Each structure stands twice: as C-alpha cells, then as structure tokens.
Amino acid sequence: MSESIKQTHMKLIHSHSSVLKIFNDRGFTLVELMITLAISGIVLGVLGTAYVSQQRSATAQEQVAEMQQNIRAGLDIMEREIRMAGYDPRHTAGTGFLNSAPYFTNANNLSFTMVADTDGIDNNNNGTTDEPNETETINYYLYDAYGDGDLDLGRRTPVSTQAVAENIEAIEFRYLNSANNVTAVLADIRSVQISILARASMPDSSFTDTATYTSASGVIWGPYNDNLRRRLLISTIQCRNMGL
Ligand SMILES: [Ca+2]
Ligand SMILES: [Ca+2]
Ligand SMILES: [Ca+2]
C-alpha cells in the first residue's frame, strides 16, 4: 500500500470513529429524534391507509358473496318446489295455487298445494302419514325470523315455519299465464316471476346505498340511504305441473 492511500484510509477511520463518538457522547439530539419520529409516522400512516382500504374491499367482497349466497339458497328451494305446484299424479286431488287465509297468493305471498303422499311426512298434520292424495300446503313470504329486526324469507306449512334465506329486504311475486301475461286467475298461472332484494347483514360505514331497485312489475325499492349493501335478483320459474 502506498503511503498516500494509507493516510487516506487512516483519515477515513478517524472521521468514522469521530461520528460514532459524537453519537456515543451526546446520544440523539431532539431534532434527530423528531425527524426519526416523523419518518416513522409517515411510514406507519401509509401502511395504515393501505391496510384500511384493503380491509374495506375485503368487507365489500364478503358482503356481496354473502348476499348472493342468501339469494341463491332461497331461490334454489323455491324453484324446486314451485315447479311442483299443482302436482297431482292421479288428477283427483285438485292441487294448485291457493288464496285462502292464511295461505295467500299475491305480490307478497306465494301459496300452493301439491300431492306429497310418498315422502314419509304427515304434510297436512292430520295424524296420518302419506294417506292417498295427502296434500302439502306451502306458503313463501317475508317475516322476521329470530326476532332480530330484519326480514327473512320464510317457508310456512301446516307443520312448521322456517327461514330459508336470511336478510331479505323485499320480495315480489308476479304471476304469468301461458301467454306470459300477468294473471289473477289462480288456475291460469304457468310461471312465477320472483324479484328478491337481499341486504348485507352488517352495515359498512364507508358505503352508502343511494341506489334504487326495480322489481319485475316496476315497483321501485329504495333509495335506502343507509350503510347496507343490497343485491337484486329476478328469476322466472316455470310451473311444470300446472294446466296438465
Ligand atoms: Ca306425505
Ligand atoms: Ca296426513
Ligand atoms: Ca330476522
């Protein structure tokens, strides 16, 4: 090593140790401490904002998935059964849509009967199971299951009432005849158009629902202007056992 390089090296070592010496002697100055805290604050702030916005979109996705699941669950059960409305294999039971208290058929209620004399259940609650032409009566409507203040889709029979989909804000049943025109004649019903408006179970304070939702018949639901997300689904179900 040449003499000059050796000197430079020694100088660097010297200056480095004097910097360390200052810190060692004095610790951090107030200004240094404040700068450090300010930088940490900015870094944490950026991380925090990213975290909050990520959480928000995760909440939104969860809520949408939950609502779609609720609508799907309710529709699946209704579709399966409404297709059976009027099921009467021997043409002697006189089953079909029903409009007789408490089983109404209107915009808010869907009621029908079908023969169910082979399912091992006493569907009409008369003490005998599966007697010939035993008829099951089913009513779909909104009610507050669990008494928690929000509406749910209920399935009521003479035997029991159960919630088949939770957090349903509104529902509309619309009845069509063979020409796809709205009909009030129960025997003429060939399909049912169901509009279901589901809502999230929990509010999201970063979201306001200012939308309106239009049912199949043109009824407008909303705007609710609250912090609950909503999803509307309209589905048409063919009643395969009507008019046979
Ligand atoms: Ca039965
Ligand atoms: Ca029975
Ligand atoms: Ca409820």
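Mentor: Before we start, one term: two strands count as paired if DSSP finds at least two bridges between them. Keep in mind, too, that this is a predicted model.

Trainee: Got it. How many bridges pair S1 with S2, then?

Mentor: Pairing takes at least two bridges, and these strands run in the antiparallel sense. One spot to look at is Ser111, which faces Asn139 in S2. The number of bridges between S1 and S2 is six.

Trainee: Let me zoom out. Which pattern does the chain follow along the sequence?

Mentor: Start with the tally, which is two helices and nine strands. Reading along the sequence, you get α-α-β-β-β-β-β-β-β-β-β.

Trainee: Back to S1. How many of its residues are buried?

Mentor: Look at the two sides of the strand. Leu110, Phe112 and Met114 point one way, Ser111, Thr113 and Val115 point the other, and all are buried. So S1 is largely enclosed by the rest of the structure, and the count of buried residues is six of the six.

Trainee: Now that helix, H2. How far apart are its end C-alpha atoms?

Mentor: Work out what to expect: with 53 residues at 1.5 Å a residue, H2 should span 78 Å. The model agrees with that, as the end C-alpha atoms are apart by 76 Å.

Trainee: Which elements do the buried residues of H2 pack against?

Mentor: First find those residues: Gln63, Met67, Asn70, Ile71, Gly74, Met78 and Ile82 are buried in H2. Then follow their packing, and you arrive at S2, S3, S4, S5, S6 and S9.

Trainee: Which strand gives the largest share of the largest nonpolar core?

Mentor: That core has 30 residues, and Ala85, Val192 and Ile196 have the most contacts inside it. The elements giving two or more residues are H2, S1, S2, S5 and S6. The largest share is five residues, and it comes from S6.

Trainee: You mentioned Ala85. Which residues does Ala85 touch, leaving out those up to four places away in sequence?

Mentor: Ala85 is among the residues with the most contacts inside the largest core. Setting aside those sequence neighbours, its contacts are Gly96, Phe97, Phe112, Met114, Cys239, Asn241 and Met242.

Trainee: Which strands stand at the edges of the open sheet?

Mentor: The sheet has three strands in the order S5-S6-S9, with antiparallel pairing. An edge strand has a single partner strand, so one side of it is left without a neighbour in the sheet. That description fits S5 and S9.

Trainee: And what is the bridge partner of Ile194 in S9?

Mentor: S6 and S9 run antiparallel and are joined by nine bridges. Follow Ile194 across to S9, and the partner is Ser235.

Trainee: Is Asn180 buried or exposed?

Mentor: Asn180 sits in the loop between S5 and S6. Its count of other C-beta atoms within 10 Å is 11, and the cut-off is 12 or fewer for exposed. So Asn180 is exposed.

Trainee: How far apart in space are Asn180 and Val192, C-alpha to C-alpha?

Mentor: Along the sequence, the two are twelve residues apart. In space, their C-alpha atoms are separated by 9.8 Å.

Trainee: Last one. How many residues does the hairpin between S3 and S4 run through?

Mentor: These two strands run antiparallel, joined by four bridges, with Arg155 partnered by Gln162 in S4. As for the hairpin joining S3 to S4, the number of residues is four.

Conventions. Residues are numbered from 1 along each chain as its sequence is written. Chains are lettered from A and ligands numbered from 1 in the order in which they are written. This is a predicted model: local features need pLDDT of at least 70, side-chain atom pairs count only at pLDDT 80 or more; totals for chains, interfaces and linings use all residues. A nonpolar core is a set of buried Ala, Val, Leu, Ile, Met, Phe, Trp, Tyr and Cys residues joined through C-beta atoms within 7 Å. A residue is buried if 20 or more other C-beta atoms lie within 10 Å of its own, exposed if 12 or fewer, and partly exposed in between; C-beta atoms are placed from the backbone. Two residues are in contact if their C-beta atoms, placed from the backbone, lie within 7 Å. The expected span of a helix is 1.5 Å times one less than its number of residues.
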